[in-house]
Amino acid sequence: MGGPKAVPAQPPAPAPAPAPAAAGRHSYELLIRGGTVVDGTGAPRRRADIAVDGGRITVLPPDGRHRAAETVDAGGRIVAPGFIDVHTHSDALAACGDGGRDGEAVEELRLAPLLQGVTTEIAGNCGSSLFPALPERLDGLTDHVRVVFGLGAVPPAEDFDGFAAGQDPALRRTHIASLVGHGTLRAGVMGFEDRPARADELDAMCRLLDRALARGAAGLSSGLIYPPGGYASTGELVALAEVAARHRKPYVTHLRDEMAQVESALEEALEIARRSGAPLQISHHKTAGRHAWGATVRTLPVLERARAEGVDVLCDVYPYTAGSTVLHALLPPWANEGGIGALLDRLPRPEVRDRIRTSIARGVDGWENTVGNGGWDLITVAAARRHPAAEGHRIEDLATANGIDPVEFVCDLLLAEQGEVTIISHSMREDDVRRVLTSPLSMIGSDGVPKPGRPHPRWAGSFARVLGHYARDEGLLSPEAAVHKMTGLPARRFGLTGRGTIADGARADLVVLDPEAVRDRATFDRPLLAPEGIGTVVVDGRIAVRDGRPTDERAGRVVRVP
């Protein structure tokens, strides 16, 4: 009666688990003494000591009388909950048997989030997860995840349990949760065909999704610029989001267009949320390409109105004006139909390359067309394992140096790399990034694509950049608001009970940082430089970073969301 009620921007946090029995003692495993607590709720900072026993927190008065086996002096520092990166593509970074890729370069990638205070990552974004994989579709899916994640010989898992078992505890520096990728679901049931799902196929996808969510997956994600997710109708997505809604888990979407048609794409996402009842998370909200610059002045009020009308919608954002994705996603949808194998079969043909040029120049109905909205001069190569000399260079410049046009160069590079090329796209405007960062509906996610080469610096710098550049130097956010966007807000959105706040009984994932010194150092030329000002990081009650340097602890685990 009376219409839908507005959804609070900050819903009540779940009650933390009871404090451990040891909380009444005066000796603890770890004591963080003398710090200023910013607790993740958005509340004003306060002085307190933080004790840790059995991987749980006890908040103590700052009277200096407490004792512990190890004490961290946090005087002049902020003590915050461990940061939660809500948008990563790190699914395979700590996978068992990662194709022989283990070494200094990959370990540096594993360390990058930890060194900026991230203790929990949410993977499976943009429609691509490492599960579920039906045996009859395994070959096509293996090619797909190899290109997306740089997996080498690691196959996708049959289900969420298989994904969890495939995370090597000897490699896990941080905790990991995972969404179920709609693109992986679709490919696993019906391959990479550009057609509507039959009723039996949609039923099969719903059953697989229901099982994964019941076993602890964090929600459903879609990537509607990527094949095969982009081949789905709105109705297909509604049916799957209804399954997520029954589990009270979110539908997390990379919109069908973040460029010229971003507003209509946003309306589709809101329609899916309204019809399904699922909480809606807009991934890495942006308005990219010259035809969409400035459109956040319209998109953010749309989200605010929808929330006021009862749609549980939030978004995430990374603090950069460049994005990153796989190179083949810049090609028109028809070129990618059938999967990576079919694409590689097409690319040698001159008539296919001519058609790609025409599609970019004229556009294709319903296609985002990143290059048409910007240009090859805004696209740089981030990772091309067989051609490291190309990394860090603009595609337009590489094509000129080779005496060919950019489409010829791109097709040749994709063939030589078997499709496994990652790029960086300089496509956004600073005022749009700032508007989304300051929105009360936004939280922070890196959208990190951690592959060797020259990855986007957001994987190593996003959280430190928000705290240092945007909060302290630019004054766009208070430290309390910035930390809330990195901790309490994402923990509530994704059902990470006991994480994201500093409270008695909460899980002991913590960051100690210097508010005057914290800053990102990662650049596009040196993308994995660790930040400054992050002194101590505690993961599951164990010190994983001490004095800004990693320890030998591997305390990360797979997080199952009930």
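Trainee: Hi! Where is the place of Gly-419?
Mentor: Gly-419 has its place in the loop between α13 (406-416) and β16 (422-426). Keep in mind that this is a predicted model.

Trainee: Okay, and does Gly-419 count as buried or exposed?
Mentor: Buried, because its relative accessibility is 1%, and the cut-off for buried is under 20%.

Trainee: Which residues is Gly-419 in contact with, leaving aside its neighbours within four places in sequence?
Mentor: Those contacts are Val-147, His-328, Leu-344 and Leu-414. Also look at Leu-343: it sits 76 residues from Gly-419 along the chain, yet 8.4 Å separates their C-alpha atoms.

Trainee: Nice. Can we switch to empty space? How many cavities of 30 Å³ or more does a search of the whole structure find?
Mentor: The search finds six. The largest cavity has a volume of about 460 Å³, and 33 residues line it.

Trainee: Which of those lie nearest its centre?
Mentor: Ile-225, Tyr-226, His-254, Ser-324 and Thr-325. As for elements, α2 (138-149), β14 (322-326) and β16 each give two or more residues to that lining. β14 gives the most, with four.

Trainee: How do the residues of that lining divide into nonpolar, polar and charged?
Mentor: For the largest cavity, 15 are nonpolar, 14 polar and four charged.

Trainee: And how much space lies in the second largest cavity?
Mentor: About 70 Å³. Its lining includes His-284, His-285, Tyr-318 and Asp-432. The largest share, three residues, comes from α14.

Trainee: What about pockets? What volume does the second largest pocket have?
Mentor: About 270 Å³. Of its 19 lining residues, Gly-230, Tyr-231, Pro-333, Gly-366 and Trp-367 are the closest to its centre. The lining holds 12 nonpolar, three polar and four charged residues.

Trainee: Last topic, helix α8. How far apart are its end C-alpha atoms?
Mentor: They are 18 Å apart. Helix α8 has 13 residues (296-308), and at 1.5 Å a residue they should span 18 Å, so the two agree.

Trainee: Which residues in α8 are buried?
Mentor: Thr-296, Thr-299, Leu-300, Val-302, Leu-303, Ala-306 and Arg-307. Seen down the axis of α8, the buried residues fall within an arc of 150°, so they line one face of the helix.

Trainee: Why would residues three or four places apart point the same way?
Mentor: Because an α-helix has 3.6 residues a turn.

Trainee: And what covers the buried residues of α8?
Mentor: The cover includes α7 (262-276), β12 (280-282), β13 (313-317), α14 (430-438) and α17 (488-493). Just after α8, look for Gly-310, which takes a positive phi of about 110°.

How values were computed: Residues numbered from 1 in each chain as written. Predicted model: local features only at pLDDT ≥ 70, side-chain atom pairs only at ≥ 80, totals over all residues. Heavy atoms only, no water. Expected span 1.5 Å × (residues − 1). Buried < 20%, exposed > 50% of the residue type's maximum accessible area, 1.4 Å probe, protein only. Arc of directions from axis to C-beta. Contact = heavy atoms within 4.5 Å. 1 Å grid on protein atoms, 1.4 Å probe; cavity = no way out; pocket = protein on both sides within 12 Å on 5 of 7 lines; lining within 4 Å. Points joined across faces, edges and corners; volume = space filled by probe spheres on them. Nonpolar A, V, L, I, M, F, W, Y, C, P; charged D, E, K, R; others polar.
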